[in-house]
Structure formats: C-alpha cells, structure tokens
Amino acid sequence: MSEYQYQERQVPRDRHSEFRLGEGKISGYASVFLGGMSLLAVLAYLYPSYLTTTELRQLYDAEYLQNILKYGMYFALFFGAVTFYLKKFRMMGFSGMALTGTAFLLGGYTIPVGPVEAKRLSLGVDWMILAFLGSVALFVTLEKLIPKYKNQVILRKEWGLDLFYFCFNHLAISAILIFANYHIGHFDWAISERAQDSISNIPIFIQFALIIVCADFVLYWEHRLYHEVQFLWPIHAVHHSVETMDWLAGSRGHFLQVFSERAMVMVPLYLLGVEESALNLYVAFAALQAVLVHCNTKLPFGPLKYIFVTPQFHHWHHSSEKPAIDTNYSAHTLLFDWLFRTLHFPKGHWPAAYGTTKKLPQSYLGQMFYPITALLDQRKTTSSRSENP
Ligand SMILES: [Zn+2]
Ligand SMILES: [Zn+2]
C-alpha cells in the first residue's frame with residue numbers, strides 16, 4: 001500500500017450554484033426555507049398529537065419556541081420582500097411569502113399550547129425542524145469558516161435528494177423508536193441486575209465512556225457486515241452513493257439501514273442500564289458526531305483524531321480509492337478498526353474521490369429498490385455465467 005499515490009481532490013468553482021451577495025438568491029432560499037418551516041411548525045402546533053414526538057416534547061418548552069417561530073415568520077417575510085426587490089429570483093420570494101402568509105392565516109405563533117394526547121405513532125415534524133435549524137447554524141457555519149474544499153457549494157449535486165433523506169429520517173423518529181423498543185425486548189434474558197447496579201454506581205463520565213465503547217463495538221460489526229455480506233451491501237451502498245461530502249451527506253441511508261442501526265445500538269444501551277444523564281450525554285454526542293464526520297471541514301483535532309472518528313477518518317470510509325475500500329467502519333472511536341485491522345488513515349492525506357465504484361440510481365425510489373434490483377442483477381450475471389461457461 002505504501003506505493004499508492006495519494007492525490008488532492010480538485011473541486012472546481014461552480015459559479016452557477018454559488019451564493020453571491022446582492023443577487024437575491026440567498027434571501028430567496030432563506031425565505032422559502034423559513035416560510036416552509038414556519039408553516040410546518042404551525043401545523044405541528046395545531047395537531048401536536050400527530051405531528052410532534054412524545055419523547056422530544058418533554059425536552060422543550062413549546063410556548064418558548066413560539067418566540068423563535070415569530071422571528072422565523074417575520075424573517076421569512078423580510079427575506080421574501082428583499083428577494084422581490086432584487087428581481088432575479090422573484091418567484092422564490094413570492095413562494096416564501098405565500099408559505100408564511102398561509103402560516104399566519106392558520107394561526108401563526110399565537111396558537112394556544114395545551115396538554116397533548118400522546119399517540120404511539122406520530123410524525124416528528126418538531127424533531128425535523130429543530131434538527132434542521134441546529135444543523136444549519138452549527139455545521140453550515142463550520143463548513144464556511146473551516147472548509148476542506150473551499151469551492152464546494154451548499155447547493156451541491158443531489159442536495160435535494162439528501163434533504164429528502166434528512167426529512168424522512170427525522171419524520172420517522174417515532175416509528176424508529178417503536179421498532180427499536182420492540183427489538184430490545186428480545187434481549188431481556190441478557191439483563192443482569194447485579195451488573196446494572198454496579199454500572200449505575202460508577203461516575204457518570206466513566207458510564208459515558210463505557211457506552212461509547214460498547215455502542216462502537218456493535219456499530220462496528222453491524223457496519224462491517226453491511227460491507228462484507230454480499231446481499232447486505234446493496235442496502236448500505238445507498239449511504240455510500242453520495243459523491244460530495246457535507247453535513248447533509250450522512251442523512252443518505254436506506255430506511256432498512258436506518259431502522260436496523262438504531263435498533264442494534266439500543267441493545268448495549270439497554271443492557272448496560274446506565275444513568276439517564278450518561279445516556280443523554282451519549283445520544284447528544286452520537287448525533288453531533290454522526291453529522292460532523294461527513295462535514296466538509298478540516299477542523300483541526302490535534303491528537304484527538306487518533307482517538308475519535310473525525311471527518312478526515314470517515315471521509316476515507318467514503319472514498320472510492322482502492323486502499324480505502326472496506327476500511328474505517330467505526331462510528332465513535334478508532335479502537336475497533338485498529339484492533340481488527342481495518343484502519344486506513346494515511347497521514348496528511350484526504351481522499352481524491354468519493355462514492356461507490358458501481359453507480360447507483362439517483363432518485364429516492366431507485367435507491368429504495370436498489371437492494372432488490374441489485375440482487376436480481378447479481379442473479380442474472382450468475383445464471384448467464386453458468387449458461388456460458
Ligand atoms: Zn460503510
Ligand atoms: Zn458515512
């Protein structure tokens with residue numbers, strides 16, 4: 001492997017997709033997104049049983065969030081007016097204002113907040129909006145301040161497809177939790193009350209570290225099986241089909257993978273019986289790390305990059321270059337890749353290309369059915385090989 005010639009990935013400027021001040025494109029997109037989210041938020045205030053997440057509702061103050069909604073709606077109108085004034089993207093300005101206008105007509109930010117009847121299955125509109133706003137504020141800012149590829153644009157190729165995945169994964173949160181809870185029910189036999197008692201008595205920070213290691217072990221092997229078991233690979237190939245790495249890229253994943261990954265990682269969390277604060281710390285850490293490792297950023301991590309999975313490390317997992325294929329499976333730390341000899345982390349280098357060696361369909365439906373079409377293709381190739389030896 002030492003002879004491999006690493007090359008720097010070239011990202012040419014994409015003037016057509018770039019955001020430039022004064023054109024009306026920035027304000028147009030801001031207006032449409034804020035208007036769209038305001039309308040969704042108003043619908044969530046109107047129908048909280050169906051459009052909000054039971055687990056999440058306990059963590060935020062719905063009345064306080066109406067203040068943020070208020071600013072969101074006024075900014076959507078303001079950006080819409082600016083876009084209209086700048087002329088070039090008038091249609092976007094109009095759409096943003098129309099979405100916000102509808103949100104106002106439905107009750108805006110003054111809908112009374114009362115007790116919510118908890119439904120078993122609901123759509124996580126609240127989770128989707130909060131995660132979107134948080135991700136844009138944190139990760140898009142990071143990508144602009146410390147980018148790895150300076151010329152890479154926010155509206156890169158297939159951003160709409162990945163935004164769809166982002167929305168799907170967040171809206172499906174309660175279905176994912178129901179499935180994960182059903183799944184962990186099969187592991188009751190493995191619970192040891194004595195072990196759980198001793199674990200809950202150790203300091204929170206050590207409990208947190210213990211969860212990281214145990215979850216990483218499960219995620220490592222699940223991930224490795226997705227790569228190395230022939231009929232599982234087409235499911236996971238969807239995640240690898242992304243050719244531009246950024247904060248949104250990690251959202252791309254077949255729903256079977258999204259559901260199975262969350263269900264599997266819940267098993268060690270359930271068996272360890274850790275304190276709730278350690279568990280919450282882990283959930284926040286895992287959620288942030290999962291987005292961060294896909295980001296277009298060269299944020300310096302110093303020696304921490306040899307302990308924790310960082311963007312550079314996970315970008316190598318997405319590389320289509322030969323020495324990097326089927327390496328860097330870990331989600332949290334480098335421990336298991338190092339231990340099981342699947343580490344690929346050439347000093348100072350980043351991948352020259354991302355994606356799968358065999359192209360996947362570029363539509364959501366095409367990718368959803370890809371595991372089936374890929375298996376049928378494999379069968380066809382095998383049978384034609386046996387017919388024509
Ligand atoms: Zn993978
Ligand atoms: Zn990834």
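Glu 18 is buried in this predicted model, with a relative accessible area of 12%. The side chain of Glu 18 pairs with that of Arg 20 in a salt bridge, at 3.2 Å from N to O. Arg 20 is partly exposed, at 33% relative accessible area. The two don't sit there by themselves: Arg 13, Glu 18, Arg 20, Glu 23 and Lys 88 are tied together in a network of salt bridges. The structure as a whole holds 13 salt bridges.

Here are three of those pairs.

| Salt bridge | N to O distance |
|---|---|
| Arg 20 – Glu 18 | 3.2 Å |
| Asp 246 – Arg 156 | 2.8 Å |
| Glu 228 – Arg 224 | 3.1 Å |

**Asp 246 and Arg 156**

Take the pair of Asp 246 and Arg 156, whose side chains meet in a salt bridge at 2.8 Å. This one links distant parts of the chain: Asp 246 is in the loop between helix 11 and helix 12, Arg 156 is in the loop between helix 6 and helix 7, and the two positions lie 90 residues apart. Both partners are buried, and for Asp 246 the relative accessible area is 3%. That value falls under the 20% cut-off, so Asp 246 counts as buried.

What else does Asp 246 touch, once residues up to four places away in sequence are set aside? Besides Arg 156, the list has Glu 143, Gln 152, Ile 154, His 294, Cys 295 and Asn 296. As for the flanking elements, helix 11 spans 233-240 and helix 12 spans 255-272.

**Helix 10 and its end**

The Glu 228 and Arg 224 pair is a local affair: both residues lie in helix 10, four residues apart, about one turn of the helix. An α-helix has 3.6 residues a turn, so residues three or four places apart point the same way. Glu 228 is partly exposed at 43%, while Arg 224 counts as buried at 17%.

Past helix 10, in the loop that leads to helix 11, you'll find Gln 230. Is Gln 230 buried or exposed? With 58% relative accessibility, Gln 230 counts as exposed. Its C-alpha is 9.8 Å from that of Gln 378, although 148 residues separate the two in sequence.

**The zinc ion**

Which residues supply the protein donors of the zinc ion (ligand 1)? They are His 223, His 227, His 236, His 240 and His 317, each through NE2, at 2.0 to 2.1 Å from the ion. Written as a spacing pattern, the donor residues run H-x3-H-x8-H-x3-H-x76-H. Within this set, His 227 in helix 10 (residues 204-228) and His 240 in helix 11 are 13 residues apart and link distant parts of the chain. His 227 is buried at 9% relative accessibility, and His 240 is buried at 4%.

Helix 11 itself is mostly covered, with seven of its eight residues buried. Those are Pro 234, Ile 235, His 236, Ala 237, Val 238, His 239 and His 240, and the zinc donors His 236 and His 240 are among them.

**A nonpolar patch outside**

Now for the surface. Val 213, Phe 217, Leu 335, Trp 338, Leu 339, Phe 340 and Leu 343 make up a nonpolar patch there, with about 630 Å² of accessible area together. Helix 10 and helix 15 (335-339) each provide at least two of its residues. The largest share, three residues, comes from helix 15. Val 213 belongs to helix 10 and is partly exposed, at 35%.

**Odd backbones and one more contact**

Two residues have a positive phi without being glycines. Glu 158 has a phi of about 65 degrees and lies in the loop between helix 6 (125-145) and helix 7 (159-171). Asp 326 has a phi of about 55 degrees; its place is the loop between helix 14 (311-317) and helix 15. Asp 326 is partly exposed, with 33% relative accessible area.

Finally, have a look at Ile 178 in helix 8 (residues 173-184). Ile 178 is partly exposed at 24%. Leaving out neighbours within four places in sequence, Ile 178 is in contact with Arg 120 and Leu 121. Between the C-alpha atoms of Ile 178 and Arg 120 there are 8.1 Å, while along the chain the two are 58 residues apart.

Notes: Residues numbered from 1 in each chain as written. Chains lettered and ligands numbered in written order. Predicted model: local features only at pLDDT ≥ 70, side-chain atom pairs only at ≥ 80, totals over all residues. Heavy atoms only, no water. Buried < 20%, exposed > 50% of the residue type's maximum accessible area, 1.4 Å probe, protein only. Contact = heavy atoms within 4.5 Å. Donors = N, O, S within 2.8 Å, 3.2 Å for Na, K, Ca; no water. Patch = residues over 30% accessible without salt bridge, like charges linked within 9 Å, V, L, I, M, F, W, Y side chains within 5 Å. Areas by Shrake-Rupley, 256 points an atom, 1.4 Å probe, with all protein chains shown as cover. Salt bridge = Lys/Arg side-chain N within 4 Å of Asp/Glu carboxyl O.
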